[in-house]
Amino acid sequence: MTEKTIRRRSVSRRTLLSGTAGLLGGAALSSGSPLAQTAAPASTGAPTNSPPSTSYPNPAWLALRQEEIIEPGLEIVDPHHHLWDRPGHRFLIDQLLADTGSGHSITQTVFIECGSMYRADGPDETKPVGETEFVNGTAAMSASGQYGSARLCRGIVGHANLRVGDGVARVLEAQIAAGDGRFRGIRHSVTWDASDVLSRGRTNSPKGQRPHLARRLCASGATESYL
């Protein structure tokens, strides 16, 4: 059996797991095999770069509440944070370091997709790979040790549009390659409600995804679904 054949089967298995409802930070860091999480067709618009915001984070607002650090020696994995550079709102490595260095013993973090730094060019389904490339760069900076002992973005949960069908396999392969060993899975939102009052999330999830994706998983041989 060739290496290429093994890789194709591995990606197929990840696709079967694409209905998992959650991904814990500890599990994301302990497993060497990427898992797939539930998330929705991502926005293809690339966020615009902007100068650092003077209002975020707002030091005056943060100063309104000061809490004692409980068990400062307890090692913590932050299982969910974002990175982005948007008009009036920048949260990159400097801002993340300010949070992880606030007194708790943050040893590792897990990045969760947020539609940041998508590729401007190429097929829509592969544009989310740009986010993993961007975040992996931050992880590499942290791995140099120049920014402290915490390993930021040690796990990366990206996005792949599961509604493209079998074509998602090449997106997953590209995500795995871009993560350079840090990619742990995807998030594909299925949040939907008939009321326009309730948010359908960043990706404006369409109606009927849950049963549609569940049928796809069962048809492809999945023995259980967490949708």
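1. In this predicted model, F111 is a convenient place to start, since its neighbours can be listed in full: leaving aside residues up to four places away in sequence, F111 touches H81, H82, L83, E131, V135, C153, G155, I156 and V157. In the strand pairing, H81 stands opposite F111, which belongs to β4.

2. F111 is also among the residues with the most contacts inside the largest nonpolar core, a group that further includes L83, V135, L152, C153, A160 and I186. This core has 26 residues, and the elements that give two or more residues to it are α4 (93-100), α5, β5 (151-158), α6 (168-179) and β6 (183-186). The most is given by α6, with 5 residues. As general background, nonpolar side chains in soluble globular proteins tend to be buried together.

3. The open sheet has 4 strands in the order β1-β4-β5-β6, and their pairing is parallel. At its edges stand β1 (75-81) and β6, each of which has a single partner strand, so that one side of each is left without a neighbour in the sheet. From one strand to the next, the twist averages 25°.

4. Two of the pairings can be described by their bridges: β1 and β4 run parallel and are joined by 5 bridges, while β4 and β5, which also run parallel, are joined by 4 bridges. In the second of these pairings, I112 stands opposite V157 in β5. As for the helix packed against these strands, α5 lies across β4, β5 and β6, and runs at about 165° to β5.

5. C153 deserves a separate check of its backbone, for its phi is near 55°, a positive value in a residue other than glycine. The residue is placed in strand β5, and C153 counts as buried because its relative accessibility is 0%, against a cut-off of under 20%. C153 is, besides, one of the residues with the most contacts inside the largest nonpolar core, and it is touched by F111. For context on the sign of the angle, most residues other than glycine have a negative phi.

6. A positive phi is also found at M117, where the angle is near 60°, again in a residue other than glycine. M117 belongs to the loop between β4 and α5, and with a relative accessible area of 23% it is partly exposed, because that class covers values between 20% and 50%.

7. The loop between β4 (105-112) and α5 (129-143) also holds T126. Is T126 buried or exposed? With a relative accessible area of 10%, T126 is buried, since the cut-off for that class is under 20%. Not counting residues up to four places away in sequence, the residues that T126 touches are R119, R170 and V171.

8. Ahead of β1, L74 is placed in the loop between α3 and β1, and its relative accessible area of 44% makes it partly exposed. L74 and S105 are 31 residues apart in sequence, yet the distance between them in space is 6.0 Å, C-alpha to C-alpha. S105 falls in β4, whose range is 105-112, and β4 is joined to β1 by 5 bridges.

9. The largest pocket contains about 670 Å³ of space and is lined by 22 residues, of which L62, A98, D99, T100 and S102 lie nearest its centre. Which elements give two or more residues to the lining of the largest pocket? They are α3 (59-62), β1 and α4, and the largest share, 5 residues, comes from α4. Two of these elements recur from earlier points: α4 gives two or more residues to the largest nonpolar core, and β1 stands at an edge of the sheet.

10. For the protein as a whole, there are 7 helices and 6 strands, and from the N terminus on the elements run α-α-α-β-β-β-α-β-α-β-α-β-α. Of its 227 residues, 37% count as buried. Among contacts between residues at least 6 apart in sequence, 74% join residues at least 24 apart.

Note on methods
Residues are numbered from 1 along each chain as its sequence is written. This is a predicted model: local features need pLDDT of at least 70, side-chain atom pairs count only at pLDDT 80 or more; totals for chains, interfaces and linings use all residues. Side-chain values use heavy atoms; hydrogens and water are left out. Buried means under 20% relative accessible area, exposed over 50%, partly exposed in between (1.4 Å probe, protein chains only). Contact means heavy atoms within 4.5 Å. A nonpolar core is a set of buried Ala, Val, Leu, Ile, Met, Phe, Trp, Tyr and Cys residues joined through side-chain atoms within 4.5 Å. Two strands pair if DSSP finds at least two bridges between them. Axes are lines fitted to C-alpha atoms, for helices over the stretch in contact, and angles run from 0 to 180 degrees between N-to-C directions. On a 1 Å grid over the protein atoms alone, a cavity is a set of points where a 1.4 Å probe fits but cannot get out, and a pocket is an open set with protein on both sides within 12 Å along at least five of seven lines; lining residues have an atom within 4 Å of a point. Grid points are joined across faces, edges and corners, and a volume is the space filled by probe spheres set on the points.
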